[in-house]
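Please walk through this protein with me, one region at a time. Keep the model open as you read.

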Amino acid sequence: MLEIQNLSVSYRGSIALQNINCCFAQGEMVGILGPNGAGKSTLIKAMLGLLQSLGQILWQGRPLKRQLARVAYVPQRSQIDWDYPITVWNVAMMGRTIETGLFQRPSRESEELVKAALERVGMYDLRNCPIGELSGGQQQRVFLARALAKQADLFLFDEPFVGVDRRTEQIMFDIFHELKEQKKTLIIVNHDLQETLHHYDRLVLLNRRLIAWGDRATVMTNENIARAYGVPLNLLAA
Ligand code: ADP
Ligand code: MG
């Protein structure tokens, strides 16, 4: 169980998240929604202990930031340096850093996990390719492979569908559902308010404050959408 209790985050005096309270069960796929600047990425980074925050984030009753070995994180595209000279294989192997140690030779097990993860996302054949030479969808699949190789229990994805093709989106949702069947918990920041929302067990609608959380019918009311985005859903879609 993941519990977010009275979470507040400020950047140099300006409030990005104010008193967020919500919780999720193990094995759920949770979608985080809200307009640009709503604090979605801030929520994910606070979960990872990357930001100073008030309140608590607990995973199975203990602070999540002390259990990061069990958490896999895929940052927002815009936060990754795509010019960094690293191959597909080595990006995926970063998922094994905690097991392997920074300068050690990876174990046979790590190599097998990385191979399986790259095969699962359809990127093993391109394993020697520099990450910067791939399409957006391929790059995102490599980062998904890194997360899979880590064998985490909790997965945090920040806007994983931005800049990816349909096929990649399909592969990603297939994998998310497989992870769910393995009782993994997934928290996914999603920009798309329409087509893909049926995949999620729970939604969180943010705009600095928590507008609503729960199942789709509870969250996606016109009133909540208007409070989060300033306009009702039918106008957003137009
Ligand atoms: P979202 O991911 O929902 O688009 P963010 O969590 O990135 O929103 O940002 C929430 C708010 O915090 C925005 O107003 C943004 O400008 C601000 N913010 C984010 N990161 C920083 C930072 N490092 N320093 C100062 N302000 C920031
Ligand atoms: Mg963001």
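F176 is buried, with a relative accessible area of 0% in this predicted model. The cut-off for buried is under 20%, so F176 meets it. This phenylalanine sits in helix α6, which covers residues 166-181. What does F176 touch, once neighbours within four places in sequence are left aside? Its contacts are M29, L144, F157, F161, L186 and I188. Another residue, V162, is 14 residues from F176 along the chain. Their C-alpha atoms are separated by 16 Å.

F176 also leads into the nonpolar interior. The largest nonpolar core has 52 residues. Which residues have the most contacts inside this core? They are L118 and F176. Helix α5, residues 136-149, gives the most to this core. Its share is 7 residues. There is also a second, separate core. That one holds 27 residues, including I4, L17, L154 and V204.

Turn now to the metal. Which residues supply the protein donors of the magnesium ion, ligand 2? They are S41, through OG, and Q76, through OE1. These donors lie 2.0 to 2.5 Å from the ion. S41 belongs to helix α1 (residues 40-47), while Q76 is in the loop between β6 (71-74) and α2 (88-93), so the pair ties together parts that are 35 residues apart in sequence. Is S41 buried or exposed? S41 counts as buried, at 15% relative accessibility.

The helix that carries S41 deserves its own look. In α1, 8 of the 8 residues are buried, so this helix is largely enclosed by the rest of the structure. The buried residues are K40, S41, T42, L43, I44, K45, A46 and M47. Two of the names on that list are lysines, K40 and K45. Just after α1 comes G49, with a positive phi of about 70°.

On the other side of the helix is a glycine in a loop. G34 is found between β3 (29-33) and α1. G34 counts as buried, at 4% relative accessibility. Leaving out residues up to four places away in sequence, G34 touches K40, L205, L206 and Y229. One of these partners, K40, is among the buried residues of α1. G34 can also be placed against L210, which is 176 residues away along the chain. The C-alpha atoms of G34 and L210 are separated by 9.6 Å.

Next comes the largest pocket. About 300 Å³ of space lies in it. How many residues line this pocket? The lining has 15 residues. Of these, L68, V71, A72, Y73 and K150 lie nearest the centre. The elements that give two or more residues to the lining are β6, α3 (97-100) and α5. Strand β6 provides the largest share, 4 residues. By type, the lining divides into 11 nonpolar, 2 polar and 2 charged residues.

One of the central lining residues, K150, is also a contact of R96. R96 is found in the loop between α2 and α3. Is this arginine buried or exposed? R96 is buried, with a relative accessible area of 3%. Its contacts, not counting residues up to four places away in sequence, are E109, S110, L113, V114, A149, K150 and Q151. Now compare its position with C23. R96 and C23 are 73 residues apart in sequence. In space they are 29 Å apart, C-alpha to C-alpha.

Two other arginines show backbone angles to check. R12 has a positive phi of about 40°, although it is not a glycine. R12 is found in the loop between β1 (2-11) and β2 (14-24). It counts as exposed, at 86% relative accessibility. R208 has a positive phi too, near 65°, and is also a residue other than glycine. R208 lies in the loop between β9 (202-207) and β10 (209-214). Its relative accessible area is 45%, so R208 is partly exposed.

Methods. Residues are numbered from 1 along each chain as its sequence is written. Chains are lettered from A and ligands numbered from 1 in the order in which they are written. This is a predicted model: local features need pLDDT of at least 70, side-chain atom pairs count only at pLDDT 80 or more; totals for chains, interfaces and linings use all residues. Side-chain values use heavy atoms; hydrogens and water are left out. Donors are N, O and S atoms within 2.8 Å of the metal (3.2 Å for Na, K and Ca); water is not among the atoms, so sites may look incomplete. Buried means under 20% relative accessible area, exposed over 50%, partly exposed in between (1.4 Å probe, protein chains only). A nonpolar core is a set of buried Ala, Val, Leu, Ile, Met, Phe, Trp, Tyr and Cys residues joined through side-chain atoms within 4.5 Å. On a 1 Å grid over the protein atoms alone, a cavity is a set of points where a 1.4 Å probe fits but cannot get out, and a pocket is an open set with protein on both sides within 12 Å along at least five of seven lines; lining residues have an atom within 4 Å of a point. Grid points are joined across faces, edges and corners, and a volume is the space filled by probe spheres set on the points. Ala, Val, Leu, Ile, Met, Phe, Trp, Tyr, Cys and Pro count as nonpolar, Asp, Glu, Lys and Arg as charged, and the others, Gly among them, as polar. Contact means heavy atoms within 4.5 Å.
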